[in-house]
Structures are given as structure tokens and as C-alpha cells.
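Welcome, and please have a look at the fold below before reading on. The briefing takes a run of neighbouring strands and then a single helix residue.

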Amino acid sequence: MKALLLENIHPAAVETLEARGYEVELRSGSLSEDELIEALPGVHLLGVRSNTNVTAKVLDAASDLVAVGCFCIGTNQVDLKTAAAKGVAVFNAPYSNTRSVVELVIAEIIALARRLPEKTQRMHEGVWDKSAKGSHEVRGRTLGIVGYGNIGTQLSTVAEALGFNVVFYDTADRPAHGTARRLRTLRELLEVSDVVSLHVDGRPGNAGFFGAAEFAQMKRRALFINASRGMVVDYEALRDHLVSGHIAGAAVDVFPAEPKAQGDPFDSVLRGLDNVILTPHIGGSTQEAQEEIGWFVAEKLARFALEGSTALSVNLPVVQPPELPAGHRLGLLHHNVPGVLADLNATFAEAGDNVVLQLLSTKDGLGYVVIDAAEPLSTAALDRLRAAEYAVWARTW
């Protein structure tokens with residue numbers, strides 16, 4: 001059994017998978033589509049972060065692949081629909097680096113409010129510029145959070161503790177934390193916020209979500225933060241509003257096109273502006289977060305491959321069976337059509353095999369059933385199940 005981990009995934013993932021019997025190859029950089037296709041023969045588990053795209057072409061070529069682990073929050077770098085159709089489970093870490101992102105955003109807001117990027121640069125140039133002009137406390141300011149999910153809600157709580165008035169906007173129905181207020185429209189949020197922080201996901205519909213019109217609607221001399229996805233913001237428009245003075249400062253951690261490997265050259269229209277903090281997609285890059293993500297996602301991959309659990313899978317029906325029993329386990333991923341369970345139960349009955357556990361879940365046209373039984377099914381019975389029109393795959397443990 002082999003696992004390939006890309007993009008400097010934390011050693012905790014290697015330790016977790018090796019302890020479960022996997023041979024692990026760890027690479028520091030990301031791979032292009034062609035490079036990934038070349039690397040995947042014989043690989044059962046693939047681990048990526050945000051810079052490796054697992055496309056339909058990659059999945060079509062990866063005949064040995066069982067599961068993909070996104071060692072980050074986002075999963076838009078994986079073609080989830082194709083992965084599901086091929087029965088390849090995809091897992092992520094929706095909570096593990098939340099605190100790290102929140103702390104970076106808070107640090108950037110304070111740094112921009114106090115004009116620290118400009119001040120430290122002047123000091124390095126040998127200029128003593130001791131002035132309060134343009135520097136502000138964050139206490140009493142209004143923070144507008146766009147996207148009130150796991151990160152947005154925790155940012156809300158921490159910011160309120162620092163004295164911010166918090167407002168938020170989300171297309172989903174999200175309950176407010178603390179004294180935060182939900183606003184009905186994005187425009188209403190932009191008009192009242194001293195700081196706007198984006199925390200939306202990378203779904204295709206969010207491409208170009210925030211552009212010239214939205215920057216124009218922002219309160220004059222407000223601050224702008226993007227630690228969500230690079231493709232949601234028009235950075236040319238952001239530069240125009242920074243240069244004009246309408247936006248007082250910005251911090252950007254994500255970009256539409258990012259270098260593939262450590263040390264590669266980077267360019268952006270925002271380079272050279274002393275009121276902009278640029279960071280290389282490090283929102284979740286703390287030792288604590290990466291270690292947590294490493295073991296969390298690796299454990300999900302291992303439990304799926306070795307026990308059949310799809311707990312927290314983002315693309316397959318979720319079934320969370322208990323630890324592998326002393327008996328025998330069958331997992332069947334199938335098209336969600338009538339008669340599958342009846343056929344399965346008949347197969348076990350004909351074999352005289354006693355079923356001790358049966359779990360079923362369905363999602364987006366697929367069904368996944370896990371059956372624990374006293375005896376294993378015969379090879380002939382398994383072959384018949386695998387050849388059934390409804391079957392995507394059948395596995396035994």
C-alpha cells in the first residue's frame with residue numbers, strides 16, 4: 001500500500017500512515033497535471049494542499065487511487081464530481097487551522113491600523129518617523145466579516161473580545177455569535193465597516209466576487225483583508241483604490257495564481273505598495289495547525305482505506321462504522337437505485353451468512369452500505385456484486 005504526500009505536508013501525516021502499514025513518499029512541491037499523472041500509478045492515497053489540482057484527467061488516469069486528502073480547508077483543487085463517480089473519497093480538515101487563520105487576520109488588522117508595514121520599512125531605511133498621524137486603535141471600530149463559516153465565526157468572537165463592533169454578511173442562514181449583527185446585504189456591510197475581511201469559499205460562482213464596484217462601496221479609508229481565495233478578488237481594482245487613497249490599507253494572503261514550490265518567483269500588481277501586507281498563503285501555516293491537519297486527514301484516509309469509514313468525506317455518502325470487528329466487513333458503493341439492499345440481503349441469506357451490522361447512507365445519486373457479517377462472502381458472490389450494474393466498487397476488510 002502506497003501513499004504520496006505533496007507540498008510539505010507535516011510529518012505527523014507520514015507517521016500516522018506508516019503506523020497503519022503504508023509506504024509513504026513525501027515531496028516538498030506541488031505537481032502539474034502531467035507530473036501527477038506520471039506519479040500516481042501504484043499510489044492508493046494522495047495528499048495535497050492548495051497548489052496541486054486533481055483534475056478529471058488525473059482521476060481518469062489514476063486507476064489505483066482510493067482516496068485524496070486535502071491537508072487544508074478548501075477542496076476546490078479537486079474535481080469532486082469526477083472523484084465521486086469513480087468512487088474516490090475526498091477528505092479535508094475543515095476546522096484544524098481555523099485559529100491560525102484568525103490570528104493572522106487579527107495581526108494584520110492591527111498592523112495596518114498602526115501603519116506598521118510603512119513604519120518598519122522606514123526604520124530599515126534608517127529614518128526615525130515617530131508620528132501618530134494615520135495610526136488608530138481598533139477598539140470601537142466596526143469589522144465587517146463577509147462569509148460567516150468556521151473561520152468567520154471564530155474571527156467574530158476574537159474581534160469582539162478586542163473591542164470591535166462586528167457585523168457580518170452571508171448568503172447562508174448563520175446564527176450570530178456574541179453581539180455580532182447580521183446585515184441583509186453586502187452593500188450595507190461595506191458602507192459601515194472600518195475593516196472588511198473576506199472568508200468565502202472557492203466555489204466557481206465566487207470567482208470575481210469582489211471587484212471595483214465593491215471597493216467603491218466601501219467606507220472611505222477602510223482596511224481590506226483577503227485570507228480566503230485569490231480568485232474572488234479583482235486585485236487590479238484593489239490597487240486602484242489603494243493608490244487613490246480610498247482604501248487605507250490591505251492585507252492579502254491568497255492569489256489567483258500562486259508559485260508551485262518554495263523559492264519560486266512571485267509577482268503581483270500589489271507589490272511595492274507600502275500600505276499592503278503580502279503573505280505567501282500562510283493563513284493556516286503554523287506548526288500547531290499543520291501538525292493537527294497532518295494527523296487528522298491522514299487518519300481519515302487510513303480509516304477509509306482500511307476500515308471503510310467515510311466520516312467527514314466531502315464527496316461520498318457518509319457512513320461511520322465502528323472499529324473493524326473480529327468478523328468480516330463488506331463495503332459497497334453503488335448508484336442509488338431501487339433493489340440494491342434487497343439484492344445484498346439476498347446474497348448474504350443465500351450464503352447462510354449472519355449479518356450483524358448494516359449501515360447505509362446516500363448522497364447525490366450514490367449510496368454506500370457497510371455490512372459486518374459472521375463469515376466472508378465467497379469469491380463468486382463478491383464477483384457477482386462487483387459486476388452488478390449498480391456497483392461502483394465493492395471491497396472487503
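What follows is a short tour of strand pairing, crossovers and one buried threonine.

Please keep in mind that this is a predicted model. The tour starts at strand β6 (residues 142–146), which is joined to strand β9 (residues 195–198) by 4 bridges. From there it moves through β10 and β11, which pair with each other over 5 bridges, and it reaches strand β12 (residues 276–278), joined to β11 by 3 bridges.

**Strand β9 and its two neighbours**

- Strands β6 and β9 run parallel, and Gly144 stands opposite Val196 in β9.
- On its other pairing, β9 lines up with β10 in the parallel sense, with 4 bridges between them.
- Here Ser197 is the residue that stands opposite Ile225 in β10.
- To get from β9 to β10, the chain passes through helix α9 (residues 212–217), and this β-α-β crossover is right-handed.
- Which way do the side chains of β9 point? Val195 and Ser197 point one way, Val196 and Leu198 point the other way, and all are buried.

**Strand β11 between β10 and β12**

- Strand β11 spans residues 247–252 and is mostly covered, with 5 of its 6 residues buried.
- Its pairing with strand β10 (residues 222–226) is in the parallel sense, and Leu223 has Gly249 of β11 as its bridge partner.
- The route from β10 to β11 leads through helix α10 (residues 235–243), and this β-α-β crossover is right-handed.
- Strands β11 and β12 also run parallel, and Ala251 stands opposite Ile277 in β12.

**Thr98 in helix α5**

- Thr98 belongs to helix α5, which covers residues 98–113.
- Why does Thr98 count as buried? Its relative accessibility is 4%, and buried means under 20%, so Thr98 falls in that class.
- Leaving aside residues up to four places away in sequence, Thr98 touches Asn150, Ile151 and Gln154.
- How far apart are Thr98 and Cys72 in sequence and in space? They are separated by 26 residues in sequence, and their C-alpha atoms lie 10.0 Å apart.

Methods
Residues are numbered from 1 along each chain as its sequence is written. This is a predicted model: local features need pLDDT of at least 70, side-chain atom pairs count only at pLDDT 80 or more; totals for chains, interfaces and linings use all residues. Side-chain values use heavy atoms; hydrogens and water are left out. Buried means under 20% relative accessible area, exposed over 50%, partly exposed in between (1.4 Å probe, protein chains only). Two strands pair if DSSP finds at least two bridges between them. A crossover is right-handed if, with the strands pointing away from the viewer, the path from the first strand over the helix to the second runs clockwise. Contact means heavy atoms within 4.5 Å.
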